Amino acid sequence: MFGALSSDIVSWRLADFYKDVIAVDYKVKTDEFEISNVHISTAIPRLTCFVSLVHRVLLHVKFKDRSSQRQISYIVKERVDTNDEFEVAGHSCVFSKEIELYTQILPSIEKQWANESVKFGPRVFKVTMSPFKVIVMEDLRSTGFRAKRSETGFKTSDCEQVLEKLAKFHAASVLYFERKGSYSDQFKSGALNLKATKAYEVYYSTLFDSFYQILDELKYHPRILETLQPLKGKVYSATCNLFRFNPNKFNVLNHGDLRMSNIHIREYDKLFLNYQTSFFGSPSFDLLYFLTMSASFCTRIDRFDHLIDYYYRHLKTSLRQLGVMTAIPTQRQLRDEITAHGFLMCLKSTESLALTLGMPNLELDMKLFRSTGPEGAEFRRNLYANVQFEKTLERLVMFMWKKGFLNISQI
């Protein structure tokens, strides 16, 4: 049930708000149970959630046909107003986008896989847009799903399972497009959004400048430095331009933020969360982003080709299984797309490497990390100043160089 909503709706912090949620979830009437207590806690820290707060709501429920109370938990995602230009620039509609995806798109594409009971995300029970904006969804923790805790990232077998599920999601999104004719305008852009250039260019340029400086100091080959130098000051917009929508290419609905924290695991199954930066475009985005942000470093480098081929086999199989009319890309075409868009790995690595391989004794200060002043440059320099970072950087840079990921023809 997805409510639309009038201004007299009760606060989501009160028990009555969840009467219809429980009725739908447990297939009972609202007079067949009582909610005696509501406990609200933080489910995910604010820093990882863009412009949303994520709460866990624990309800004490007494069903009339049972003698004991039952504890039932839900996740409530709340859209909050913020003055932080860095967070909201170009993403003013991410909440309504996620609502459309959870309430319309996901149920439709999951029906395409009904014979295999494939799910791509949590069940959603209720949404409101006024007087407050919230999504009430299934608490995956209560059904045995967990986000994997790892400082090193997914190993190869984990990546294969994610990519198999991603291939089914992408394939189903193609069939959805064929049947509907288009996605709404909300899905024209994702995390890479030229409207956000004013805010994000400064952030990524400071990181890229520090990244470039360390390559210069470590005496990397002049051809590499010459290739990267023109990108200084416009690295974000250049990457955005790489992903400009091309209707003549093979396109899918990208998840848009496929990092470990947005992938929940139960045995061999994987579910995706946080679709707020989803967009319709080249599948190379999800592939490059996932492998950069979620795969262990050795897996990302040593098993890259294997994982791309693994995804392609499952994509091809899934598209045929669903009977799509869209021409299936060749393996070579997919590889060409990845090469053409490969600079995304460099852009995200300037951020992720610093956050995961920084000095163990240097406390991460995000304000300094983002700073454009000399104190920010010095902080990032110290963050990069360790042997592990230099060794990792050498392997990554040479990998990207040999793959052609560092060459951007349109600057």
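The following exchange covers the cores, one sheet and the cysteines of a predicted model.

This is a predicted model in which local features need pLDDT of at least 70 and side-chain atom pairs count only at pLDDT 80 or more, while totals for chains, interfaces and linings use all residues. Residues are numbered from 1 along each chain as its sequence is written, and side-chain values use heavy atoms, with hydrogens and water left out.

Student: Which helix gives the most residues to the largest nonpolar core?
Tutor: A nonpolar core is a set of buried Ala, Val, Leu, Ile, Met, Phe, Trp, Tyr and Cys residues joined through side-chain atoms within 4.5 Å; buried means under 20% relative accessible area, exposed over 50%, partly exposed in between (1.4 Å probe, protein chains only). The largest core has 107 residues, and Leu228, Phe290, Phe304, Phe343, Leu393 and Leu406 touch the most other members. Helices (H or I, at least four residues) and strands (E, at least two) are DSSP runs, numbered from the N terminus. With 11 residues, the top contributor is helix 4 (residues 156–180).

Student: What is the order of the strands in the open sheet of three strands?
Tutor: Two strands pair if DSSP finds at least two bridges between them. Strand 6 pairs with strand 8 (residues 263–266) over two bridges, and four bridges join strand 8 to strand 9. Strand 6 (146–147) and strand 9 (269–272) each have a single partner strand, so they stand at the edges. The pairing is antiparallel and the order is 6-8-9.

Student: Which residue of strand 8 is the bridge partner of Arg146?
Tutor: Strand 6 and strand 8 run in the antiparallel sense. The partner sought also stands opposite Lys270 in strand 9. For Arg146, the bridge partner in strand 8 is Ile265.

Student: What angle does the direction of helix 4 make with that of strand 9?
Tutor: Helix 4 packs on the sheet, touching strand 8 and strand 9, where contact means heavy atoms within 4.5 Å. Axes are lines fitted to C-alpha atoms, for helices over the stretch in contact, and angles run from 0 to 180 degrees between N-to-C directions. The angle is about 60 degrees.

Student: Why is there no bond between the sulfur of Cys159 and the closest cysteine sulfur, in Cys298?
Tutor: A disulfide is a pair of cysteine sulfur atoms within 2.5 Å, and the whole structure has zero disulfides. Cys159 is buried at 0% relative accessibility, whereas Cys298 is partly exposed at 48%. The two sulfurs are too far apart for a bond, at 12 Å.
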